[in-house]
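Please look at the sequence and the model shown below, and then read the short report that follows.

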Amino acid sequence: METVPETEDMIHSFCIGQHESNRQVPLSTRSIQFAHASNYDMLTTPITNSHFHSRVLSLLSSHLSSLEPPSYDSIGTRATSLNTKAVTVPPLSPADTPLTPNEAISQVVGITSSWIDLCSPDPLIAEISRQVLMLEVAYAAFCGISYLLVPGPKLQHGNLHCEGLIYYARAIQEALTIAPYIQFHIWLKMIEISGLETTEMGDLSPFARTEFLDPSEDRSAKIDLFGAWDAWEIIRTTCKHHSRLLVALALPKLLPILQVQTRWYSEPVHLLTINATTFIKNQKGYPVLSKAHQALIAKFMRLRTPPWILLCDVGPIPGLEADDVSQTGEAPVDKTDYPTIAQTMAQARKHHDPTPHLSYMRNLQQRQPPRTPIERFGTGYQDYLQAPLQPLTVNLESITYEVFEKDPIKYAWYERAVAKALSDWMEQKKPTSGPDGKVVVAVVGAGRGPLVTRALRASAETGVKIEMWVVEKNPNAFVLLQHHNENIWGGAVNLVKSDMRSWKGPHREIENSADPQNQGSVDHTPIDILISELLGSFGDNELSPECLDGVTHLLSPGHGISIPASYSAHLTPIAAPKLYADICGQRISNPAAPETPYVVMLHAIDYLSTTSSPGGGQAASHTTQLSSSVTSTHSAVGARSSTLTPPPVFEAPTPIVLPAWSFSHHNPNIPPLSTTSSMITNEHNVRQTRLAFPCQNRGVCHGLAGYFETVLYSDIELSTNPVTMDAKSPGMISWFPIYFPLKTPLYVPDNGEVVVTMYRQTDNRKVWYEWMVEVFRLERTSPTPAATSPQRSTTPVMMSGGNRAVPVASSGTTNKTQNGYQRIRVGMSEMHSSIKDGCLM
Ligand SMILES: C[S@@+](CC[C@H](N)C(=O)[O-])C[C@H]1O[C@@H](n2cnc3c(N)ncnc32)[C@H](O)[C@@H]1O
């Protein structure tokens with residue numbers, strides 16, 4: 001249900017549902033109508049009721065009373081089906097469920113029972129719980145329910161890493177198979193706090209028999225910031241990243257540190273649940289959310305598939321509850337001149353908002369800032385895997401060039417670079433290669449000509465006269481270039497249809513030669529400024545180095561300028577579970593999918609290696625963050641705020657993005673042309689790097705995010721590196737990052753280190769990348785200065801192109817680092833190779 005008309009710039013309206021923990025009334029079409037009238041989009045319903053619950057409890061107690069203590073077999077195994085008496089929960093009866101198939105079912109989210117304990121160490125309890133879940137899932141599927149909310153694993157018996165979690169994961173895997181059209185949402189808290197859990201009356205967990213409990217278990221309250229995420233990781237790994245397995249994330253009143261928030265942001269969170277207790281009261285007494293909550297929700301809502309919001313226990317749907325109807329009815333009015341107390345009360349009730357939490361959320365929806373140009377440009381492309389372009393071997397379509405040309409920054413920056421280069425040329429009184437003192441400019445790989453237009457404009461702006469040469473090998477784009485020359489550039493451009501690597505350079509007829517043999521022949525003269533844009537998402541991946549190597553010899557010796565002057569490739573390891581699941585899905589039709597680099601507008605990812613968070617130190621404790629969240633609650637904007645103040649911006653921790661290698665033009669290492677071949681050899685364009693990334697918090701590495709930076713000329717630079725892009729080329733949209741996947745994700749422990757080894761390889765016919773990842777755990781070996789953390793002690797080091805060689809890890813499984821930390825290898829990927837790409841022919 002939409003409250004505001006959407007324009008192209010607006011982000012999606014929120015889909016908001018209502019959940020009551022103890023909903024008694026069976027949901028009908030009428031209930032949904034009431035919910036819609038109140039501005040809710042959906043409701044939740046339990047699958048079974050208290051009748052069923054009581055039936056299972058009596059079955060359990062009668063079974064327990066008839067049981068003998070579990071017996072052990074000869075090898076000591078206990079409590080398997082061989083030595084425990086089986087119990088079967090009988091099928092559902094009409095009295096067991098409030099649910100029947102009806103027209104409203106599509107707007108209902110079913111909830112499975114929270115009183116079961118799939119994690120119980122007592123196999124009897126775990127088995128009954130499993131049977132209850134299967135009965136509920138099967139009946140929900142029969143009724144046509146599409147979305148199920150399944151309460152997450154229970155912590156009553158140990159933390160989330162206890163063996164019970166595997167039983168839980170196994171049950172979910174089974175549930176996925178019996179309901180092939182249901183999306184399962186595992187309802188999880190953001191962080192694990194064990195030892196504080198309470199049991200409700202009728203919960204199965206306290207029925208676990210003592211012989212199955214571990215008496216030595218530590219029951220003190222413990223917070224594990226990544227414990228709940230770890231549990232989710234185990235569940236979804238057991239379920240093989242199933243596409244119908246999603247997260248319902250409960251937002252706590254006090255949000256944990258940003259690193260935990262960004263971790264959940266990268267996961268397939270399809271529901272955000274917000275309990276009434278998560279809200280705080282503003283000065284007028286209305287329920288509002290803290291600034292930290294607003295920022296997190298705003299970030300989630302900008303995802304390609306924004307999560308739905310479920311408001312939990314925030315009060316009934318007006319009109320739906322019988323007694324609610326009587327409350328909202330008109331109070332009798334006394335026919336006197338002055339209002340009585342009863343009249344005043346009735347008047348007040350008229351202005352009373354029966355759903356203040358919902359009103360607040362709708363207000364928050366309206367306050368979402370409009371989509372930025374980048375977001376509009378990237379609509380539908382968030383986390384969407386695309387094959388990188390190969391403009392050297394494939395002739396691009398006009399529409400592809402058109403998309404490039406929408407960039408508001410790239411062409412403007414090129415124009416600035418050319419203007420500066422022209423001005424400097426004149427200022428430095430460099431000799432020009434053109435007749436009449438003109439600076440000879442060549443745009444190589446001109447496409448539809450936007451850089452030609454910009455270079456001509458730069459010449460007009462600076463008053464420096466140029467002779468313009470344009471080279472393009474795409475015969476279709478060349479037709480358009482000819483049109484432009486006639487209609488836009490006034491015939492001022494010399495057009496050459498050629499591969500730049502075989503172009504001999506600007507030419508002019510030799511006039512007045514003394515030698516009659518030279519009459520009518522052509523003379524090739526140098527280029528002063530060579531302009532190109534052959535960069536891919538990883539800088540060199542569209543073979544800019546190889547193409548420019550073939551044309552740089554035409555540059556004026558000693559003076560010639562290449563724009564760009566240089567470019568570098570940059571990397572950082574990421575958790576990208578959604579991309580991993582997508583690539584797994586493609587494996588059957590395309591076995592090379594896991595070794596293909598993809599161009600992708602990265603969104604639902606988490607950087608595994610980050611510097612300190614924006615608001616505090618790297619070692620910000622849970623409590624530090626909690627108190628900062630509390631501080632921010634006081635200035636929360638209220639539902640009745642007349643201004644549409646946008647929610648605060650979510651400031652994610654800064655990733656550590658390291659340079660892998662770089663290319664410069666001129667390249668002094670280009671070998672001379674051999675006498676036997678027309679091609680130059682390409683070994684000088686081989687690169688190798690080994691980069692170490694400190695990772696403070698545990699996580700899973702699914703692959704590497706790749707970016708580039710380029711110096712066009714002097715201080716004019718472009719960057720897609722998230723750390724520098726806002727300073728160097730804010731708002732540039734031409735390039736999405738590149739993603740190098742790992743076939744098998746690697747688990748990174750707390751205080752870990754991810755070491756990436758990558759190569760740019762060539763066999764003179766092709767260029768390709770090879771990459772592998774190792775994971776190390778940093779362990780303290782000797783007492784060191786107290787405050788030294790592994791992160792600080794292992795400054796990122798790198799080995800790139802042989803220039804700054806610092807070995808980061810020995811070839812053994814361990815090596816000792818400085819500051820008393822030992823690096824222990826705990827995981828390693830295979831060497832991946834993108835051999836199919838990068839054809840030079
Ligand atoms: C990424 S597009 C850039 C087009 C245009 N300069 C722009 O910025 O919009 C690269 C262009 O270079 C051309 N190209 C690539 N390799 C080339 C080569 N070896 N010789 C000539 N043109 C080439 C492609 O056909 C394509 O038109």
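## Two annotated residues and the ligand

E533 counts as buried because it has 24 C-beta neighbours inside 10 Å, where buried requires 20 or more other C-beta atoms within 10 Å of a residue's own, these atoms being placed from the backbone. This is a predicted model, in which local features need pLDDT of at least 70 and side-chain atom pairs count only at pLDDT 80 or more, while totals for chains, interfaces and linings use all residues. Residues are numbered from 1 along each chain as its sequence is written.

An unreviewed UniProt entry lists E533 and E542 under "active site", although such annotations may be inferred rather than shown by experiment. The table sets out their surroundings; contact means that the C-beta atoms, placed from the backbone, lie within 7 Å, and residues up to four places away in sequence are left aside.

| Residue | C-beta neighbours inside 10 Å | Contacts |
|---|---|---|
| E533 | 24 neighbours | G445 and L451 |
| E542 | 23 neighbours | L389, P391, L392, L534, L535 and G536 |

E533 is placed in the loop between β18 (529-532) and α16 (544-549), where helices are DSSP runs of H or I with at least four residues and strands are runs of E with at least two. E542 also has its place in the loop between β18 and α16.

G445, a contact of E533, is also among the closest of the 22 residues that surround the ligand, a residue being near a molecule if its C-beta atom, placed from the backbone, lies within 6 Å of it. Three residues of this shell come from α12, which supplies the largest share.

Key. A residue is buried if 20 or more other C-beta atoms lie within 10 Å of its own, exposed if 12 or fewer, and partly exposed in between; C-beta atoms are placed from the backbone. Two residues are in contact if their C-beta atoms, placed from the backbone, lie within 7 Å.
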